[in-house]
Amino acid sequence: MGIRVGIPRALLYYRYYPAWKTFFNALQAEVVLSPETNKEILDAGVRLAVEEACLPVKIYLGHLACLRDRGADLIFVPRVVAVEEKKYFCPKILGLPEIARCSVPGLPELLTVEVNMRKKARKVISCLKKAAAVFDCRPGTAEKAIRAASKAQKRYGLAMSRGGLTPADYLNGVQSAANNHRRLKVGVLGHAYNIYDLFLSMNIIGKLKDLGAEVITTEMLSFEAVRAGQECFSKESFWTFGHELLGAAGYFHKKGIIEGLVLVASFGCGPDSLICELVERYYRRRQEIPVLLITLDEHTGEAGVVTRLEAFVDMLQWRRQTL
Amino acid sequence: MKITYPHMGLLTIALAGFFQDIGLEVVPPPPITKKTVNLGALHSPEFACLPLKINVGNFIEALETGADTIIMAGGTGPCRFGCYAQVQREILRDLGCRFEMIILEPPQGNWQGLFRQLKRLRGNCSPKMLALAGLNLWRKLKAMERLHKKSLKVRAREINKGDTTKAYNKGLGMLAEIKDPQAIPQVLRDGLGLLEEVPKDSNSQPLRIGLVGEIYTLLEPFANLRIEELLGDRGVEVECSAYISDWIIEHLVLNTLRLPAGLAVKKAAAPYLNCFVGGHGRETVGDTVRYARRGFDGVIHVLPFTCTPEIVAQSILPVVSRREGIPFLSVSLDEQSGEAGLITRLEAFLDLLAEKSKKNFQLSRKKSLFGKIGSNAGKWR
Ligand code: SF4
Ligand code: SF4
């Protein structure tokens with residue numbers, strides 16, 4: 001195969017990997033994915049990042065270092081500014097290529113595509129084409145790659161919204177979700193890169209499942225449901241992620257489809273600090289559905305998280321029997 | 001309707017006059033104290049950025065002193081500020097406060113919402129009165145900023161510690177009192193005169209330091225632990241990269257008219273950060289480059305703990321510092337930051353700059369603190 005393109009298994013990987021992989025494969029490139037987050041990656045990231053950076057960014061830098069050491073020719077670090085009109089990603093995702101370059105020494109060349117749907121779609125396409133040009137393919141391949149990528153991304157979205165899969169399920173090749181409808185229904189909300197990173201989240205979702213819960217996440221909701229749920233809050237969030245989280249939280253509450261909500265935030269995350277606060281206050285004030293907020297940082301002990309999840313699920317079971 | 005608003009450096013003083021001019025009853029937020037900050041921090045989310053917490057403290061105290069309507073600005077992202085008002089409203093509501101909040105959201109093409117909010121404020125004041133009050137606010141603000149700039153130069157050279165601050169505060173007080181806008185130029189001259197009269201050592205060649213970073217912490221002395229005074233007292237000449245009047249021109253005038261703004265800073269930042277990252281992230285990088293090129297001895301970067309745009313900048317600054325040859329010190333601030341810790345770090349930094357430039361500054365203690373620099377400053381060596 002051709003050029004080896006490294007993709008860090010962190011941050012937006014959880015949202016867009018199917019599209020990225022399809023895109024690069026269509027361009028005859030080989031995709032090198034960094035391994036699942038582990039202790040070494042975390043430690044490397046913590047060493048490289050500025051102290052105050054949020055945990056997910058630290059982990060991202062750790063993955064970059066890992067790809068560098070594995071000899072990728074090129075590392076894909078997109079600048080995803082916005083994927084919808086009037087919405088943004090977080091400032092750190094906007095500045096990710098620069099953070100990467102300035103924090104990790106000895107990186108190979110970075111492929112930084114700017115995706116900004118606040119501007120015209122044509123502009124985004126031309127950015128993608130420019131990125132594709134690096135791979136030296138026959139004319140027309142770029143267009144084909146873009147189409148294939150967008151198809152793959154759609155399939156991914158549908159598998160989650162219709163099939164009830166989580167990103168982690170899909171990315172790990174799980175085909176269908178086995179849901180048992182008599183189980184406790186628990187919503188889990190947070191950044192995809194927090195809740196689906198097994199190491200970082202200490203597998204919160206898996207643990208909830210083991211405790212007998214059926215987990216529902218934002219990805220399983222339709223676009224319209226999220227929009228309807230957002231109306232519970234006075235201002236629409238200008239972050240894509242914030243919009244999804246508020247929308248899902250509002251929708252869960254309005255429809256009463258969950259019995260408990262687990263909010264997962266990461267230490268040092270700006271958006272989380274306010275969005276999770278809005279949700280917590282909304283739920284607490286109405287006192288119908290209990291909320292558990294878990295803040296992940298590099299020192300979070302697994303035992304503590306397990307204890308809190310167990311206590312939470314116990315409480316939900318007890319509520320189910322008595323209410 | 002008794003309105004109040006959050007503190008933000010000099011703007012607070014100018015705003016009180018403005019609202020009075022348009023015939024509104026104002027309850028200015030009581031001066032920020034340690035208690036304000038603690039109160040705000042107690043009721044705010046733990047990881048919210050410092051300005052949000054101080055705002056909450058201001059609101060609680062102002063509501064206690066009789067205000068019933070809060071005016072707050074909105075925003076459209078990508079930094080957290082655009083989310084502030086909504087979170088603050090929920091916090092105050094859960095505390096059982098009785099109030100109304102008027103949130104001025106930037107129009108984004110839809111002017112109606114903003115007009116409706118402004119109309120509620122305007123009451124029965126005529127457009128002419130409004131324009132006059134606006135002009136008055138603007139001129140007062142500009143005058144106070146002139147005074148501020150001058151004070152930074154004078155303080156570095158004063159002979160008796162504290163003279164400049166005294167003169168500066170007196171000048172500000174005189175400007176705040178003005179009722180008739182015609183008097184502004186004269187009062188400004190008087191204020192500048194007061195600073196002129198401060199006995200100075202005219203031979204001194206002070207270290208020059210540029211202050212960059214997040215705008216609230218740059219502008220609100222309580223939030224930045226009066227870093228300008230701390231530096232000035234040690235004989236350092238400080239220049240602040242942000243003034244609220246520039247911000248108003250850029251964000252409220254040029255951006256609304258879709259005209260280009262801040263080109264020089266953007267150009268300076270371009271080799272290091274060539275895109276918008278929210279807040280003042282890009283300006284921090286650009287201003288650092290510009291201070292380096294103007295031959296400043298160092299740059300101090302102030303940011304609220306966990307401020308997202310500034311963390312982007314902070315990640316880039318070590319490279320800027322190395323390539324442009326300017327040392328920098330990042331000072332991140334939260335409700336627990338104390339003066340003693342800051343002084344230690346500042347003096348270590350000054351020591352380093354003095355070593356490099358062969359200029360002198362006045363240590364408050366005799367012992368040199370070389371080598372005791374915090375983790376952020378360590379990186380550029
Ligand atoms: S949204 Fe939060 S976790 Fe994600 S990059 Fe921004 S600050 Fe970090
Ligand atoms: S610029 Fe920084 S401190 Fe200000 S609101 Fe945004 S994140 Fe908070």
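This is a short tour of a predicted model, going from a sheet in chain A to the helices beside it and then to ligand 1.

Begin by selecting the strands of the open sheet in chain A, where four strands lie in the order S2-S1-S3-S5 with parallel pairing. Strand S2 (30-33) and strand S5 (109-111) of chain A stand at the edges and have a single partner strand each, so one side of each is left without a neighbour in the sheet. Looking across the sheet, you can follow a twist that averages 35 degrees from one strand to the next.

Next, select strand S1 (residues 4-7) of chain A together with S2(A), which pair in the parallel sense over four bridges; within this pairing, A:Arg4 has A:Glu30 of S2(A) as its bridge partner.

Now add helix H1 (residues 13-26) of chain A, which packs on the sheet and touches S1, S2, strand S3 (74-76) and S5 of chain A, its direction making about 155 degrees with that of S2(A). Then add helix H3 (residues 55-69) of chain A, which lies across S1, S2 and S3 of chain A and runs at about 155 degrees to S3(A).

Finally, select ligand 1, which sits in the largest cavity. Around ligand 1 there are 13 residues, the closest being A:Cys54, A:Cys90, A:His191, A:Tyr193 and A:Cys269. Helix H3, met above, returns here, since H3, helix H4 (91-94) and helix H13 (270-286) of chain A are the elements that give two or more residues to this shell. By class, the shell has eight nonpolar, four polar and one charged residues. Show chain B as well, because residues from chains A and B surround ligand 1, so the site is shared between chains.

Methods:
Residues numbered from 1 in each chain as written. Chains lettered and ligands numbered in written order. Predicted model: local features only at pLDDT ≥ 70, side-chain atom pairs only at ≥ 80, totals over all residues. Heavy atoms only, no water. Pairing = 2+ DSSP bridges. Axes fitted to C-alpha atoms, helices over the stretch in contact; angles between N-to-C directions. Contact = heavy atoms within 4.5 Å. Near = heavy atom within 4 Å. 1 Å grid on protein atoms, 1.4 Å probe; cavity = no way out; pocket = protein on both sides within 12 Å on 5 of 7 lines; lining within 4 Å. Sits in = over half its atoms within 2 Å of the grid points. Nonpolar A, V, L, I, M, F, W, Y, C, P; charged D, E, K, R; others polar.
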